Amino acid sequence: MNNVVRKEGRPAQRSLLIDPVSCGDLADLILAIDDPDEVFSWFRRSRVLSESDIGGKALRKVLYAAGQVGVGQLRKYAESAHSRDYKIRPFVASVLLVNGQVNLSNINKSPIHFENCQDNFEISLAILSEKIVPSEVMDAFDIVRFKSNIIEILSSAGFFKFRDEISIGKSKFIRRIRRNLYGDETRGFTDQWTFAIGHLVVLMYVLKGQSAGLMEFRNAEIWQGGVANRFLWQCLSDLSENFKIVPKGSVFADHHHSAHHEWVDGRFVDYFEACGIVADRSGDAGGAILEKPSRRDPALRHFFDASGISPDARIVTLHCRESGFRAVGASSLRDVDVRAYLNTLATLVEQGYQVVRLGDPSMTPLPSMAGVFDYAVSELKSEALDILLPGTARFHIGSSSGLSLVPLLYGTPSLFLNWHPFDLLPWGRRNWTVVKPIHSSDDGRMVVEHRAYSSLGRIRERNLLNTFGYDIRDLSAAEVEQAVSGFMQSLEADLPEPPKVGLNRGRVLVINDQGGFQDLV
């Protein structure tokens with residue numbers, strides 16, 4: 001810690017307002033203090049200086065400490081929030097929840113009218129309720145934002161049981177407000193649904209589901225904003241005509257959020273399960289909702305001519321997420337080191353495949369390898385090819401990224417390696433998902449039981465995972481090669497398409513103590 005000097009085992013506290021420190025120093029300081037009042041005090045002062053994240057491990061300690069300082073102190077902190085502050089009240093709500101100072105079942109028993117809240121502390125309690133009643137549309141927008149921030153706090157700190165309860169409550173709230181305002185006629189989508197490729201893919205499935213009668217709205221209104229990929233946007237436009245672009249804020253709309261749930265088949269399901277249902281009901285035999293691109297497509301013909309790759313080549317596309325394109329703090333556990341894949345790429349080339357690495361120019365360049373084209377950093381990169389190339393592949397090797405969802409639009413068989421976190425698992429019955437290995441810090445034993453992994457695998461920060469006595473790593477080069485070999489054998493078996501029964505998801509695999517793969521069941 002640069003600005004924290006330890007004396008007799010305790011940090012010498014210096015006023016942050018006089019001598020600010022980095023968020024990393026703040027987290028270290030908070031973790032080094034034992035007194036709950038001091039922990040809470042330093043956290044409050046850190047919020048004065050910065051909106052930056054102190055990390056899940058320190059946040060978890062702060063939430064517990066704040067629960068010990070007394071409701072009076074929490075009330076004072078809540079009252080320090082100004083009208084447009086969306087951080088303090090969700091934090092106070094989270095403190096009350098995780099410390100057992102409020103009971104969600106009791107709060108959800110009867111409606112709470114937002115306009116009747118007398119102060120910020122009452123608002124902090126009210127925003128926990130799924131039955132909160134806004135007095136106007138702007139209140140509804142605010143409530144959704146409050147609930148989203150509660151979910152982020154609980155997710156970051158590893159309180160997943162409470163996070164799931166609030167997530168379902170938020171989804172119920174959004175659905176109720178939308179139906180009260182527009183009935184079954186209109187659903188609004190914010191511009192968060194269009195600013196990332198993965199979000200656009202999910203939006204395509206939702207709109208496809210609407211046209212198939214699976215969603216409870218007839219028309220979509222999407223806030224005007226940035227579009228991650230114009231070619232994919234055109235694909236969406238060709239897929240559905242039941243939407244229009246509207247000014248921001250002109251219609252009540254829900255954000256794209258990994259904790260949100262879609263209402264399908266009379267129940268709430270996560271985004272990826274909803275996509276799987278749509279793929280079953282409105283896709284072809286393999287679940288595709290877009291037709292495979294013709295290799296005579298002008299963009300593809302130019303690519304083949306310029307790259308020297310034969311139009312008849314058996315292509316494997318690869319994408320390993322890195323932090324350069326969109327660095328998101330704790331999302332670093334989603335990142336993958338592509339160097340562990342190089343031996344496997346050479347093996348694929350030996351077996352007659354042409355590998356095309358997808359991504360963006362910030363990617364670590366691959367070494368020069370015969371039969372491997374580093375499209376991500378090439379001059380040929382374009383928005384059209386980003387989408388078309390996965391549609392031409394024999395199969396795709398992907399990671400936890402939005403770009404690796406694109407192959408699913410075409411029904412391209414996909415092997416997802418180093419998948420993390422465990423919140424959302426890709427759809428597609430032929431596909432395999434290999435999760436990042438988690439092991440005990442004490443004896444190195446691998447986590448292979450579904451219940452344990454489904455909890456630990458949702459933690460997005462290594463420091464917090466270490467707090468529970470576990471660590472996580474990437475698949476080794478040998479494990480990558482083993483997984484790719486097994487997946488290829490399953491494809492070469494040329495089995496018929498699995499029946500569309502039950503959950504639309506393929507095998508989910510984990511490394512066991514013997515170094516082999518087993519199904520996570």
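This briefing walks through the salt bridges, sheets and helix packing of the structure above. The model is a predicted one, and a search of the whole structure finds 31 salt bridges in it. There are also two open sheets to look at: one of 8 strands with mixed pairing, and one of 4 strands with parallel pairing. Helix H10 links two of the topics below, since it packs with helix H11 and also on the sheet that holds S5, S6 and S7.

**Salt bridges between distant parts of the chain**

- Side chains of opposite charge can pair when their charged atoms come close.
- Glu 130 and Lys 172 make one such pair, with 3.6 Å between the closest N and O atoms. Glu 130 sits in the loop between helix H7 (120–126) and strand S4 (132–133), while Lys 172 belongs to helix H9 (residues 160–182), so this salt bridge ties together parts that are 42 residues apart in sequence.
- The two partners are not equally accessible: Glu 130 has 18% relative accessibility and counts as buried, whereas Lys 172, at 35%, counts as partly exposed.
- Arg 430 bonds to Glu 497 in another salt bridge, where the closest N and O atoms are 3.3 Å apart. This pair links distant parts of the chain, 67 residues apart: Arg 430 is in strand S16, and Glu 497 is in the loop between helix H19 (477–492) and strand S19 (505–511).
- Both ends of that bridge are partly exposed, Arg 430 at 29% relative accessibility and Glu 497 at 35%.

**A salt-bridge network**

- Which residues are linked in a network of salt bridges? They are Arg 163, Asp 164, Asp 423, Arg 458 and Arg 460.
- Within this group, Arg 460 and Asp 423 form a salt bridge whose closest N and O atoms are 3.3 Å apart. Arg 460 lies in the loop between helix H17 (450–456) and helix H18 (462–467), and Asp 423 in the loop between strand S15 (414–419) and strand S16 (428–435), so the contact ties together parts 37 residues apart in sequence.
- Is Asp 423 buried or exposed? Asp 423 is buried, at 17% relative accessible area, while its partner Arg 460 is partly exposed at 28%.

**The sheet of 8 strands**

- Strands of a sheet pair through backbone hydrogen bonds, either parallel or antiparallel.
- Reading across this open sheet, the order is S13-S12-S11-S14-S15-S16-S19-S20. Strand S13 (372–373) and strand S20 (517–519) are its edges, and each pairs on one side only.
- Strand S16 pairs with S15 in the parallel sense over 3 bridges, and Phe 416 stands opposite Thr 433 of S16.
- On the S19 side, S16 again pairs in the parallel sense, here over 4 bridges. Trp 432 stands opposite Arg 507 in S19.
- Why is S16 described as largely enclosed by the rest of the structure? The reason is that 7 of its 8 residues are buried.

**The sheet of 4 strands**

- The order in this open sheet is S7-S6-S5-S8, and the pairing is parallel. Strand S7 (243–246) and strand S8 (253–254) stand at the edges with a single partner strand each, so one side of each has no neighbour in the sheet.
- Strand S5 (residues 186–189) and strand S6 (residues 219–223) run parallel and are joined by 4 bridges. Gly 188 has Glu 221 in S6 as its bridge partner.
- Helix H10 packs on this sheet and touches S5, S6 and S7, with its direction at about 175° to that of S5.

**Helices H10 and H11**

- Helix H10 (residues 197–211) packs with helix H11 (residues 230–239) at an angle of about 5°, and their axes are 10 Å apart. Angles under 35 degrees count as roughly parallel, and H10 and H11 are therefore roughly parallel to each other.
- From H10, the contact includes Ile 197, Leu 200, Val 201 and Leu 203, and from H11 it includes Leu 232, Trp 233 and Cys 235. By class, the contact has 11 nonpolar residues, no polar ones and 1 charged residue.
- Asp 238 is also found in helix H11, and Asp 238 is exposed, with 60% relative accessible area.
- The C-alpha atoms of Asp 238 and Leu 290 are 9.7 Å apart in space, although these residues are 52 residues apart in sequence.

Notes:
Residues are numbered from 1 along each chain as its sequence is written. This is a predicted model: local features need pLDDT of at least 70, side-chain atom pairs count only at pLDDT 80 or more; totals for chains, interfaces and linings use all residues. Side-chain values use heavy atoms; hydrogens and water are left out. A salt bridge is a side-chain nitrogen of Lys or Arg within 4 Å of a carboxyl oxygen of Asp or Glu. Buried means under 20% relative accessible area, exposed over 50%, partly exposed in between (1.4 Å probe, protein chains only). Axes are lines fitted to C-alpha atoms, for helices over the stretch in contact, and angles run from 0 to 180 degrees between N-to-C directions. Angles under 35 degrees count as roughly parallel, over 145 as roughly antiparallel, 65 to 115 as roughly perpendicular and the rest as oblique. Contact means heavy atoms within 4.5 Å. Ala, Val, Leu, Ile, Met, Phe, Trp, Tyr, Cys and Pro count as nonpolar, Asp, Glu, Lys and Arg as charged, and the others, Gly among them, as polar. Two strands pair if DSSP finds at least two bridges between them.
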